[in-house]
Amino acid sequence: MEKTFKDIKIPSETFAITYPLMESFYTIQGEGQFQGHAAYFLRLGGCDVGCHWCDVKESWPIDTHPQVTIHQMLEDIKNTPTQIVVITGGEPLMHNLDPLTEVLQAAGYRTHIETSGVGEFTGYWDWICFSPKKFKKPNSEIFPKVDELKLVVFHPSDIEWVQQFVSQMPTNCKLLVQPEWSKRDDISPILVDFVKNNPQWNISIQTHKYLQIP
């Protein structure tokens with residue numbers, strides 16, 4: 001038996017594939033190029049990067065979250081009017097995302113990912129947000145596919161560090177710097193000066209935290 005969306009036939013067994021799902025929710029994208037857009041988030045468990053300032057460290061374990069089928073995730077998403085599904089983590093590329101994104105796109109959703117770029121690159125994407133971290137080297141396979149390079153700035157030296165990736169990004173890639181939340185009062189003025197002197201970059205802020213929404 002096969003289920004068909006947009007004339008794409010997907011084997012029924014694909015819908016039974018599971019992922020460790022820490023949480024899922026419908027909200028407003030708070031940061032990056034799509035800030036302000038309604039979006040449905042799938043936060044997958046598992047991360048081997050280990051940013052000490054991470055605000056969702058409970059997502060790091062890969063085996064403490066319920067295994068949820070693609071079918072159940074799709075049914076939950078269909079209960080909202082969203083057009084965008086964002087897959088995040090943790091580090092979502094710890095998983096093979098081909099089946100999940102194939103189903104989502106066939107069902108008519110835009111697929112976005114937020115990733116540090118480590119591990120094997122999988123999935124079918126409408127938007128790729130690459131947020132490299134000093135703690136683990138990214139897989140260069142992702143570089144030519146990136147739509148948005150977003151640097152979370154914890155220390156001013158992070159700005160110089162990220163420059164190594166810029167020349168390896170596509171020419172139309174969006175370049176964003178974002179203050180790490182706990183350091184925002186110290187880092188934000190530095191980013192303002194940086195962007196004024198380097199207008200090819202833009203500032204991203206975590207508006208969802210100001211709005212007090214997920």
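So, the largest pocket: about 770 Å³ of space lies in there. And keep in mind that what we're looking at is a predicted model.

Who lines that pocket? There are 40 lining residues, and the ones nearest the centre are Arg43, Asp55, Val56, Thr88 and Gly89. If you sort the lining by class, you get 16 nonpolar, 14 polar and 10 charged residues. Several elements each supply at least two lining residues, among them strand E4 (38-44), strand E7 (110-115) and H5. Strand E3 gives the most, with four residues.

Let's stay with Arg43 for a moment. Arg43 makes a salt bridge with Glu23, and their closest N and O atoms are 2.7 Å apart. This pair ties together distant parts of the chain, since Glu23 sits in strand E3 and Arg43 in strand E4, 20 residues apart. Buried or exposed, what is Arg43? Arg43 counts as buried, because its relative accessibility is 13% and the cut-off for buried is under 20%. Glu23, on the other hand, is partly exposed at 29%.

Another residue to find from Arg43 is Val86. In sequence the two are 43 residues apart, yet C-alpha to C-alpha they are 8.3 Å apart in space. Val86 belongs to strand E6, residues 84-88, and it's buried, with a relative accessible area of 1%.

Back to salt bridges. How many are there by this rule? The count comes to five. Here's one within a helix: Glu75 pairs with Lys78, with the closest N and O atoms 3.3 Å apart. Both are in helix H1, residues 70-78, and they're three residues apart, so about one turn of the helix. Glu75 is partly exposed at 30%, and Lys78 is partly exposed too, at 44%.

Then there's Asp158 with Lys134, where the closest N and O atoms are 2.7 Å apart. That one links distant parts of the chain: Asp158 is in helix H3 (residues 157-166), while Lys134 is in the loop between strand E8 (127-130) and E9, 24 residues apart. Asp158 is buried, at 8% relative accessible area, whereas Lys134 is partly exposed at 41%.

Last stop, the surface. Val192, Ile203, Ile205 and Tyr210 form a nonpolar patch there, and together they have about 350 Å² of accessible area. Tyr210 is in helix H5, residues 207-211, and H5 is one of the elements that supply at least two residues to the lining of the largest pocket. That takes us back to where we came in.

Terms used:
Residues numbered from 1 in each chain as written. Predicted model: local features only at pLDDT ≥ 70, side-chain atom pairs only at ≥ 80, totals over all residues. Heavy atoms only, no water. Patch = residues over 30% accessible without salt bridge, like charges linked within 9 Å, V, L, I, M, F, W, Y side chains within 5 Å. Areas by Shrake-Rupley, 256 points an atom, 1.4 Å probe, with all protein chains shown as cover. Salt bridge = Lys/Arg side-chain N within 4 Å of Asp/Glu carboxyl O. 1 Å grid on protein atoms, 1.4 Å probe; cavity = no way out; pocket = protein on both sides within 12 Å on 5 of 7 lines; lining within 4 Å. Points joined across faces, edges and corners; volume = space filled by probe spheres on them. Nonpolar A, V, L, I, M, F, W, Y, C, P; charged D, E, K, R; others polar. Buried < 20%, exposed > 50% of the residue type's maximum accessible area, 1.4 Å probe, protein only.
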